[in-house]
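These are my notebook entries on one protein structure. I set down what I looked up, in the order in which I looked.

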Amino acid sequence: MWRKRFRDYAFPGGAERDQGFRAEIQRIGRLSLRFLGLVEIGASLFMLLARFLVAPETSTLTIRFRQALMISAIGVLDIAASRDRRISLWSRSIALASALAVVAILIWSSFVVAAQSTAPNDFIPGEITMVLLFAVTIVPLLPMQSLMLGTGIGIIYTLEALYAERTLLEGLGPDENYMLFILMLTLLSTALTAVVYGQRRAGYEHHRESLKASDDLRKAQTRILLSENAASLSRLAAAVSHEMNTPLGALISTVDTFLLLASRQATSAPDEHKRLVRLQGDLRRSIQESAQRIRELIGRMQRFTNLDQAEEQPSDLNAIVTDVTALLDPRDRGRAQIETRLGEIPPIVCRPQQISAVLASLLRNAVQAVDGTGRVVVSTARRKSVIEIRIEDNGRGLSAEEMKNIFDPAFRESGGRMAAGNWSMFNSRQIIRQHGGDIRMDSNQGKGTEVTVTLPLSGSAEIPLASLMRS
């Protein structure tokens, strides 16, 4: 077990077989390369300025200036490489090469300064520590890459120290304490890289699981919405059959009467002819009125169905409220007195089928909350930059405990079976929020409930109501 865990920490490169994680590492690599370049430029210039402000030494000015210039040039190259996507695919290798080049410049400059200055040569460990820590924390290196970086720094120090002892000043050779320090720092950086890389990998896995959970939740919402739609369609069928009976019966009766008068008119006396013509005119008006009622009913059905339709279009919310109340299940309509108070509101751009489904669900909840003698009031109004639709009832109301989780989807046991709870309210709020609005609910147990739906007016003021009526 410990061997597998060690292998996963020391050699986690297999995680990048995942295309998504590899793309994330490449994205971080490009950003880190750019940031590394900025740090190299900023730090070199800052150290140049700070050193001569704190401890000015004119004899080493040229060396310090060249050091800052070379490191800044490396930083500029890093930034340029980060902007080229083809080159930035190798961002970690470029960052390693950049770090080794910076270390080589810093160490050699230190030896040159030590050869010309009376100050002790004690800043090499600090420079190496700064480079290693920056590389480990900024660049998404693999542990073995950190180990290679530390080893490379050790080799560079040893070679430059030997060369400096031969060419600059005797006594500048490799220091055993420095070499031990580089070894310890390399091991520490490798372990730190393993931890940071593991955290990046865990963060990516958590993000991917969150996306999957979100996708599963959307699918569950869709299934529940479809099941609610099926139930709504069955209630709609009952409401339509009830609503259509009256105009259809009147239409059939009128047509029969019209045919009877037409047959009688052929054999009627001249003095009865005018009366029969007048009766036929009345019957024609009755036929037109019944046909108009059927046409309006079909229009309401068309606006109420197709809940999955994604097209946004200018819609009159007052017409939607009227349609929803008119198509309420007759069994629900008999439970309460329904009153509509429609204010003057402009049309808005929305998905009317989804808004209809939300209002139908909220209205049905309000009607079912009363005891048969209650009242439900549906009102619309404009409040500054939003349209407000309010549904009030004087029914049972909800307790404070029920109100806490009214919008939280859950499952509960009912009759030994698992049933969904609050999914209707959850879905309704999701739909309204997708339109840029929100749903609020206030309820007092034993007094009733008030639900307020707000929808933004953005983009709706320019839609003429007359053109909407023509469409």
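**Entry 1: S315 and its surroundings.** I looked up the side chain of S315 and found one of its polar atoms 3.1 Å from the backbone oxygen of Q313. The model I am reading is a predicted one. S315 belongs to strand β1, which covers residues 313-315. I then asked whether S315 is buried or exposed. Its relative accessible area is 6%, and because the limit for buried is under 20%, S315 counts as buried.

**Entry 2: Helix α10.** I moved on to D316, which caps the N-terminal end of helix α10. A side-chain oxygen of D316 lies 3.1 Å from the backbone nitrogen of N318. How many residues of α10 are buried? I noted 8 of 10 for this helix, which runs over residues 317-326, so I recorded α10 as mostly covered. Among the buried residues of α10 are L317, I320, V321 and V324, and the list also includes N318 and D323.

**Entry 3: Helix α8.** I looked up helix α8, residues 176-267, while tracing a nonpolar patch on the surface. The patch is formed by L147, L180, L183, M184 and L187, and together they have about 480 Å² of accessible area. Helix α8 supplies the largest share of the patch, 4 residues. M184 is located in α8, and its relative accessibility of 54% makes M184 exposed.

T254 is also found in helix α8. Unlike an exposed residue, T254 is buried, with a relative accessible area of 7%. Which residues does T254 touch, leaving aside those up to four places away in sequence? I found L283, S286 and I287. T254 and L283 are 29 residues apart in sequence, yet their C-alpha atoms are 6.0 Å apart in space.

**Entry 4: Salt bridges within a helix.** I noted first that side chains of opposite charge can pair when their charged atoms come close. The count of salt bridges comes to 10. In one of them R208 pairs with E205, and the closest N and O atoms are 2.8 Å apart. R208 and E205 are 3 residues apart in helix α8, and therefore about one helical turn separates them. As a reminder to myself, an α-helix has 3.6 residues a turn, so residues three or four places apart point the same way. R208 is partly exposed at 38% relative accessible area, and E205 is partly exposed at 24%.

I found a salt bridge between E401 and K404 as well, with 3.8 Å between the closest N and O atoms. Both residues lie in helix α13, residues 400-404, and they are 3 residues apart, about one turn of the helix. E401 is exposed at 53% relative accessible area, and K404 is exposed at 61%.

**Entry 5: A salt bridge between strands.** I looked up R375 and E339, whose side chains meet in a salt bridge at 3.9 Å, N to O. This pair links distant parts of the chain, since R375 is in strand β4 (residues 374-383) and E339 is in strand β2 (residues 336-342), 36 residues apart. R375 is partly exposed, with 35% relative accessibility. E339 is partly exposed too, with 27%.

**Entry 6: Strands β8 and β9.** In a regular strand the side chains alternate between the two faces of the sheet. I checked this along strand β8, residues 438-444. Which of its side chains are buried? I439, M441 and S443 point to one face and are buried, whereas D438, R440, D442 and N444 point to the other and are not. Strand β8 pairs with strand β9 (residues 448-456) in the antiparallel sense, over 7 bridges. I noted T452 in β9 as the bridge partner of R440. The hairpin of β8 and β9 has 3 residues between the strands, and G446 there takes a positive phi near 85°.

**Entry 7: The protein overall.** I closed with the totals. The protein has 471 residues, and 42% of them count as buried. Its secondary structure comes to 15 helices and 9 strands. I also looked up the contacts between residues at least 6 apart in sequence, and 73% of these join residues at least 24 apart. The protein exposes about 26,700 Å², of which carbon and sulfur atoms supply 58%.

Methods
Residues numbered from 1 in each chain as written. Predicted model: local features only at pLDDT ≥ 70, side-chain atom pairs only at ≥ 80, totals over all residues. Heavy atoms only, no water. Helix = DSSP H or I, 4+ residues; strand = E, 2+ residues; numbered from the N terminus. Buried < 20%, exposed > 50% of the residue type's maximum accessible area, 1.4 Å probe, protein only. Contact = heavy atoms within 4.5 Å. Areas by Shrake-Rupley, 256 points an atom, 1.4 Å probe, with all protein chains shown as cover. Polar contact = N/O pair within 3.5 Å; in protein donor to acceptor, adjacent residues only side chain to side chain. Patch = residues over 30% accessible without salt bridge, like charges linked within 9 Å, V, L, I, M, F, W, Y side chains within 5 Å. Salt bridge = Lys/Arg side-chain N within 4 Å of Asp/Glu carboxyl O. Pairing = 2+ DSSP bridges.
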